[in-house]
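Let's take a walk through this structure, starting with its overall layout and ending with a few backbone oddities. Have the viewer open so you can follow along.

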Amino acid sequence: MNKKWVMPKLSLVTLAIVFLWIKTVVSYFASFSIEAENMMQAIILFINPLSFLLIIFGFAFFIKKEKTRNTYVILTSLILTIILFSNMVFYRFFNDFITVPVLFQTSNFGDLGGSAIGNINWWTDPLYFLDIVILIVLAKVKPSFVIFRETTKINRRAYFLVAIATFFFNLGLAETERPQLLTRTFDREMLVKNIGTYNYHIYDIYLQTRQSAQRALADSNDLVAVNNYIKAKQTDPSDEMHGIAEGRNVIVVKLESTQNFVINNEMNGEEITPFLNELTKDEDTVYMDNFYHQTEQGKTSDSEFLLDNSLYPLGRGAVFFTHSGNEYQTLTENFNDNGYYTTALHANNGSFWNRNTVYENFGYDRFYSLPDYTVGEGEDVNWGMKDIPFLQQSVDHMKEMEQPFFSKVITLTNHYPFTLDEEDKFIGEYDSNSRTLNRYFQTVRYQDEAIKEFFASLKESGLYENSIIIMYGDHYGISENHNVAMSKYLEREITPFESAQLQRVPLFIHIPDSGVGEVNHTLAGQIDLKPTIENLVGIETGNAIQFGQDIFSEDNDNFVILRDGRFITEDIVYAGETCWDKETGEAIDSEICLPYMERVNEELAYNDEIIYGDLLRFYDAKNGRLKEDTTEPVDVE
Ligand code: GP9
Ligand code: MN
């Protein structure tokens, strides 16, 4: 056989591919907590980086000059390693993969950068770059076992045929393993698991392009199906709770990174949230213990988006950045229309999460941001102003506001990396392999103290009696990267079922002198905040296009969809691509989850259509009709 017909086994290209292939597969297990549940998944995981690597490195075969070819191989290796490495660091912090829109959230980079660098392991991480050094040395030294010569046309063809076949083989296996792979694009873990991290990025770029075009192509007809769906699931709000806080100031406190598992719980025999625990027994407080966050990559800003719009945030990127200029029908605007003075208070730069722009669009009369606060000596920790002085000064601002007002107050101290000054540590650290979890209890405890003082200041200011205070956790503080420590603390294994249950965040609705206090187990999510608040203060939701329901409604459908496609009903939980029995926590036949999955896909798809198409610009929520055509109600098919 002519030697030229044989693929060179040890060309620099082959070596680069093998190195990156091994490295990527190792990273799946070592850095991303991607696991194979069966043999098929293990095979898919093993082969999924290959097709992309074969193709991208294959271009080297078209380069005639040896030096340029080597440079191409080394540079490609370097760039791919940087992409892989960035994803690893991002994953350690967010338990998620990078998407294109995340790269454009530049005004957040200052604060996030610090958190990201904290996630680099300076001892072992440089090993990920070792192969690049080896490739450079080989290209320089040119040892005899490495082949540097050019490839023939026929070899190139054979090579690309193999590469493309590998790609389709991978896709075929993935589609069999995960039938809805390319429709459930919001489940990034599943995408990466099946098509590999590099193909995932290509697919993400494709999604980005497609979604950018969606606004231009949208028209008012797109609203018909969306609105029909929404009308069909609409429920009547509760009569009993209607207008119970009418005319009062509405104070919504967004509790940073606060998960529900800390409530009525102890750490080393000490209460973590003594004040909030008291509230769970208070006669004027409704405490919801089955309330889920529904945020994704936009974290805090997603929770704010949910509050104001009763729409889901996006599966990719932060809607505060990607669709800040859309037409929305917000809770804030509804308050404005009903004579409230509307404000947001948060002691951080106004540009973080693009809040300046978004708040203006959402209709807030005033945003009190960092320049509106005096951060005294020792009042600064971690990401910014400490919650205690922040909340105190926020009450001072409220005293000056026209009443009734609607104020959204955003705390910050209980934020990763959960650091505190010594004098603010009211309890000790936990003892586990996660320093993050160990410290978390302390910052939650500090936040609890801040809330206690906030209530006291409100009482002192005279605002308390005529206000309603709603407090909710924005998203998880402890990601799945800390499962070992969490399982030590909770004394049970953290299965995907448990992880889903850990997405519960506390919701407190405190209405002074109302006597409506109870622990309420209704299944609900942040998407339900808007209609619930509107009903409590007795303002009309009208014909708003929204997915939430009043939590207290008798017809509540008790169904919660998380933004990554997990869902919770009264009996089952769908998580980790498995159906779980809620009572036993055991995996059950996945057939049981199937019909719900369809509803989840449908609801999230309608939601995304609204946002990507900017559909609300065609709709008049006041009369429920299309804007251009004032004669036809939108729900007429
Ligand atoms: C920043 C604060 C934290 O202003 O709201 O944002 P997060 O990182 O939690 O999304
Ligand atoms: Mn947050």
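Start with the big picture: the centres of domain 1 and domain 2, taken over C-alpha atoms, are 38 Å apart. Keep in mind that this is a predicted model. The chain is split so that domain 1 covers 10-212 and domain 2 covers 249-539.

Now look at how the two domains meet. On one side, 26 residues of domain 1 make contact, and on the other, 20 residues of domain 2. Together they bury about 1900 Å², with carbon and sulfur atoms giving 45% of that area.

What about specific interactions across this boundary? The rule picks out 11 residue pairs in polar contact between domain 1 and domain 2, both residues at pLDDT 80 or more. If you want to see which elements build the domain 1 side, look at helix H4 (66-94), helix H5 (100-103), helix H6 (109-117) and helix H10 (197-217), each of which supplies at least two residues. H4 gives the most, with five residues. As for chemistry, the residues on this side of domain 1 divide into 11 nonpolar, 10 polar and five charged.

Charge pairing is worth a separate stop. Side chains of opposite charge can pair when their charged atoms come close. The count for the model comes to 29 salt bridges, and two salt bridges are counted between domain 1 and domain 2. Zoom in on Arg-188 and Glu-296, whose side chains meet in a salt bridge at 2.6 Å, N to O. Arg-188 belongs to helix H9 (residues 188-195), while Glu-296 sits in the loop between strand S5 (291-292) and helix H13 (299-309); the pair links distant parts of the chain, 108 residues apart.

Next, scroll along to the open sheet of five strands, which has the order S15-S16-S17-S18-S19 and antiparallel pairing. Strand S15 (560-561) and strand S19 (587-588) stand at the edges with a single partner strand each, so one side of each has no neighbour in the sheet. Further in, strand S16 (residues 567-568) and strand S17 (residues 572-575) run antiparallel and are joined by two bridges. For a landmark there, find Phe-567, which stands opposite Tyr-574 in S17.

Finally, the backbone oddities. Most residues other than glycine have a negative phi, and most peptide bonds are trans. Where does this model depart from that pattern? Gln-403 and Pro-404 are joined by a cis peptide bond, with omega about -5°. You'll find Pro-404 in the loop between helix H17 (387-400) and strand S10 (405-410). Tyr-416 and Pro-417 are joined by a cis peptide bond too, with omega about 0°, and Pro-417 is in the loop between S10 and helix H18 (435-461).

For phi, go to Ser-257, which has a positive value of about 50° although it is not a glycine. Ser-257 lies in the loop between strand S1 (249-255) and strand S2 (266-267).

Technical notes
Residues are numbered from 1 along each chain as its sequence is written. Chains are lettered from A and ligands numbered from 1 in the order in which they are written. This is a predicted model: local features need pLDDT of at least 70, side-chain atom pairs count only at pLDDT 80 or more; totals for chains, interfaces and linings use all residues. Side-chain values use heavy atoms; hydrogens and water are left out. Domain bounds come from an automatic or database domain assignment. Contact means heavy atoms within 4.5 Å. Buried area is the accessible area (1.4 Å probe) that two parts lose on being put together, summed over both. A salt bridge is a side-chain nitrogen of Lys or Arg within 4 Å of a carboxyl oxygen of Asp or Glu. A polar contact is a pair of N or O atoms within 3.5 Å; within protein, one must be able to donate a hydrogen and the other to accept it, and residues adjacent in sequence count only if both atoms are side-chain atoms. Helices (H or I, at least four residues) and strands (E, at least two) are DSSP runs, numbered from the N terminus. Ala, Val, Leu, Ile, Met, Phe, Trp, Tyr, Cys and Pro count as nonpolar, Asp, Glu, Lys and Arg as charged, and the others, Gly among them, as polar. Two strands pair if DSSP finds at least two bridges between them.
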